[in-house]
Amino acid sequence: MSVTSRASLAICPGQPIGTGVSYRLARLGAVVAFVLLGGLVQAPAQTPAAPATGADAALIEDIVIGSRVLADFGVLDGFGHVSARDPKNPNHFLMSRSLAPALVTPDDIMEFDLDGNAVDARGRTLFLERFIHSEIYKARPDVMSVVHTHSPGVVPFTVSQVPLRPMYHNAAFLAAGAPVWDIRKDFGETDMLVRDPARGKSLAERLGDKSVVLMRGHGDVTVGPSVKMAVFRAYYTDVNARLQSQAIALGGVINYLTPGEGAKADTINFVVLDRIWNLWKMRIAPSLGK
Ligand SMILES: [Zn+2]
């Protein structure tokens, strides 16, 4: 019961005794205090405040920063998630409990095995689509981080016949290809969610050896050798998609990066990654109280 509903009960007509204003205010105060105290007492049982056991604090911080940065840019909204493989135990990965990315803190990060089972759930709610992550980690030993978004810029390219292609150097990784996965092909008419290992496996197969896979009528997944790079790719997949839509609207033939240009430019992206990551980190520092 909420504070509001308890409070309204406390001042509703028909109370057996004490109908005076002072009594009712005193009773309201007592009820509010009771509810607030109750909330404090109950909070640990509902949302245990403890990070994943044994996980590296810097890696957890990267997940938190990546989640908040992508939310800040509008690439993620209330949905989507960032995960990282645990380098100490490559058969486990780390991701938040079910929570809007802008609200993720280190204490929300949980540990999962590659079947998508939480190692220590403690009653916490899990993301339905965690099988995107578990099955990609299973299929791609080189992948250390996975990001899933419902990127508004990308969605048009998941449902049209126009392939997403590299407009500029920051999105050079797209030159290797950005396949589209259609859940309907293998699973018929669904709720569109990757809610079990079979759907995750099918998605991972469509990703193949690429850095990004688009999901028809849904969003995309980017992967990388680090959280920083997977987040970088999620952001620039969205930016590239928006720019490509603008270029298409201008009309005429579009002069995309070639595969050779893409490969060379992507090498530079790895070199400058920390520069932009530090900028993003500074950008969201106030939201972390830093
Ligand atoms: Zn999704």
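Trainee: Which residue is the bridge partner of serine 83 in E2?

Mentor: Methionine 95 is the partner of serine 83. Before going on, note that this is a predicted model: local features need pLDDT of at least 70, side-chain atom pairs count only at pLDDT 80 or more, and totals for chains, interfaces and linings use all residues. Residues are numbered from 1 along each chain as its sequence is written, and side-chain values use heavy atoms, with hydrogens and water left out.

Trainee: What makes E1 and E2 strands, and what makes them a pair?

Mentor: A strand is a DSSP run of E with at least two residues; a helix is a run of H or I with at least four; both are numbered from the N terminus. Two strands pair if DSSP finds at least two bridges between them. E1 covers residues 81–86, E2 covers residues 89–96, and four bridges join them in the antiparallel sense. Four against a minimum of two: they pair. A hairpin of two residues links E1 to E2.

Trainee: How do you know that E2 also pairs with E3?

Mentor: Same test. E2 and E3 (residues 109–113) share five bridges, antiparallel. Serine 96 stands opposite isoleucine 109, and methionine 95 opposite methionine 110.

Trainee: Which strand does E1 meet over four bridges besides E2?

Mentor: E4, running antiparallel to E1. Alanine 84 shows both contacts: serine 145 is its bridge partner in E4, and leucine 94 stands opposite in E2.

Trainee: Why is one side of E3 left without a neighbour in the sheet?

Mentor: The sheet is open, with seven strands in the order E3-E2-E1-E4-E7-E6-E5 and mixed pairing. E3 and E5 (180–181) stand at its edges with a single partner strand each, so one side of each has no neighbour.

Trainee: What makes E1 mostly covered?

Mentor: Buried means under 20% relative accessible area, exposed means over 50%, and partly exposed lies in between, using a 1.4 Å probe and protein chains only. Six of the six residues of E1 are buried.

Trainee: Why is alanine 285 called buried?

Mentor: Its relative accessibility is 18%, so alanine 285 falls under the 20% limit. Alanine 285 sits in the segment after helix H9 (259–284). Its C-alpha is separated by 8.4 Å from that of isoleucine 65, 220 residues apart along the chain.

Trainee: And why is arginine 122 called partly exposed?

Mentor: Its value is 35%, so arginine 122 lies between the two limits. Arginine 122 is in the loop between E3 and helix H4 (130–139). Its phi is positive, about 45°, although it is not a glycine.

Trainee: Which atoms are the protein donors of the zinc ion?

Mentor: Glu129 (OE), His148 (NE2), His150 (NE2) and His218 (NE2), at 2.0 to 2.1 Å. Donors are N, O and S atoms within 2.8 Å of the metal (3.2 Å for Na, K and Ca); water is not among the atoms, so sites may look incomplete.

Trainee: Why is the arrangement around the zinc ion called irregular?

Mentor: Four donors are tetrahedral if all angles lie between 85 and 135 degrees. Four are square planar, and six octahedral, if opposite donors are over 155 degrees apart and all others between 65 and 115; anything else is irregular. Here the angles run from 96 to 141°, which makes the arrangement irregular. Histidine 148 lies in strand E4 and histidine 218 in the loop between E6 and E7, so the pair ties together parts that are 70 residues apart in sequence. Both histidines are buried.

Trainee: How do you know that the span of H8 is close to that expected?

Mentor: The expected span is 1.5 Å times one less than the number of residues. H8 (residues 227–250) has 24 residues; it reaches 35 Å from first C-alpha to last, against 34 Å expected. Glycine 251 follows H8, with a positive phi near 90°.
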